[in-house]
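The exercises below concern a predicted model. Work through each task with the structure open, then compare with the solution.

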Amino acid sequence: MSRVDFSSLDAAGLNLQAVFDLSALPAELRAALDPQGRHRRLLLIGHGGRTLWEQVKAAGLASEHPIDDFTIAAVRDWFAEQLPDRAYELVYPGDGPIGLQALGRLAGWHHESPFRVGVNAEWGSWFAYRAVALTDAELATTAPVGGGSPCAVCSGQPCVVACPAGALADKDFSLQKCIAYRRQPDSRCRITCVARTSCPVRPEHRYDDAQIAHSYSRSLAMIERWGG
Ligand code: SF4
Ligand code: SF4
């Protein structure tokens, strides 16, 4: 079993890592990720809090996808440093179907929130999936993070109350209401999600405004592109 040191990823802000035994994953996930059964382990990498954005800014990448480009370089450096003789395949970032939230659930990172972004007790909603790598190295697997869903003990559900579109008012999230509201010229959600920023869990990890704007302006651009 190979033990590895994640400290260089931590320093880059890629401070969430989960190692899965591919053979123990649900068959449909495994089949989509490694159809030929060439690998032994899956490494799920995420970021929690603000460090990644600070590192991306410090790197000064002039690219259309600075977070992805930074992440890819950092993960490749990490494999070169820790597992120089082992084969690996970076399957995300990329276009293939990965099932990030399903992996996040298995890692204990993802609990459903009313506004559809995952939430957990350690980072609130201020974390995200950044990379998925497959490797033939027999890395030691990690245990799922405990802690349960903060929504289960949330008083008053301030996120639901705060959504100006009422998109969280019913049992199921209304993507239609959310999108229709976000597209309005005077929407408060063009470059943020008011529900998300109203969640009181782990406010110390909240992204800075520029990172929130970066993320939500990208999703709004996609809405505008596909919504006609
Ligand atoms: S405000 Fe409460 S219900 Fe909403 S995401 Fe946060 S913990 Fe969950
Ligand atoms: S982006 Fe705005 S409209 Fe959509 S769920 Fe968040 S608060 Fe509601």
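**Exercise 1.** Determine which residues His205 is in contact with, leaving aside its neighbours within four places in sequence, and decide whether His205 is buried or exposed.

*Solution.*
Step 1. Place the residue: His205 belongs to the loop between H8 and H9.
Step 2. List the contacts. With neighbours within four places in sequence left aside, His205 touches Gly49, Arg50, Glu122, Trp123 and Trp126.
Step 3. Look for a polar partner. A polar atom of the His205 side chain lies 3.5 Å from the backbone oxygen of Glu122.
Step 4. Classify the accessibility. The relative accessibility of His205 is 18%, and the cut-off for buried is under 20%. His205 therefore counts as buried.

**Exercise 2.** Describe the surroundings of ligand 2: where does ligand 2 sit, and which residues are around it?

*Solution.*
Step 1. Locate the site: ligand 2 occupies the largest pocket.
Step 2. Collect the residues around ligand 2. They are Cys163, Pro164, Ala165, Phe173, Cys178, Tyr181, Arg182, Cys189, Thr192, Cys193, Val194 and Ala195.
Step 3. Assign them to elements. Helix H7 (175–182) and helix H8 (194–198) are the elements that give two or more residues to this shell. H7 gives the most, with three residues.
Step 4. Sort the shell by class. Ten of its residues are nonpolar, one is polar and one is charged.

**Exercise 3.** Find the residues other than glycine, Gln157 and Arg202, on a backbone plot, and state how exposed Gln157 and Arg202 are.

*Solution.*
Step 1. Take Gln157. Its phi is positive, near 40°, and the residue is part of the loop between strand S4 (127–135) and helix H6 (158–162).
Step 2. Check its accessibility. Gln157 has a relative accessible area of 36%, so it is partly exposed.
Step 3. Take Arg202. Here phi is about 55°, again positive in a residue that is not a glycine. Arg202 lies in the loop between H8 and helix H9 (209–227).
Step 4. Check its accessibility. With a relative accessible area of 34%, Arg202 is also partly exposed.

**Exercise 4.** Identify what kind of peptide bond joins Tyr92 and Pro93, and state where Pro93 lies.

*Solution.*
Step 1. Read omega for the bond between Tyr92 and Pro93: the value is about 5°.
Step 2. Name the bond: the two residues are joined by a cis peptide bond.
Step 3. Place the proline. Pro93 is in the loop that runs between strand S3 (88–92) and helix H5 (100–107).

Terms used
Residues are numbered from 1 along each chain as its sequence is written. Chains are lettered from A and ligands numbered from 1 in the order in which they are written. This is a predicted model: local features need pLDDT of at least 70, side-chain atom pairs count only at pLDDT 80 or more; totals for chains, interfaces and linings use all residues. Side-chain values use heavy atoms; hydrogens and water are left out. A residue is near a molecule or strand if one of its heavy atoms lies within 4 Å of it. Helices (H or I, at least four residues) and strands (E, at least two) are DSSP runs, numbered from the N terminus. Ala, Val, Leu, Ile, Met, Phe, Trp, Tyr, Cys and Pro count as nonpolar, Asp, Glu, Lys and Arg as charged, and the others, Gly among them, as polar. Buried means under 20% relative accessible area, exposed over 50%, partly exposed in between (1.4 Å probe, protein chains only). A polar contact is a pair of N or O atoms within 3.5 Å; within protein, one must be able to donate a hydrogen and the other to accept it, and residues adjacent in sequence count only if both atoms are side-chain atoms. Contact means heavy atoms within 4.5 Å.
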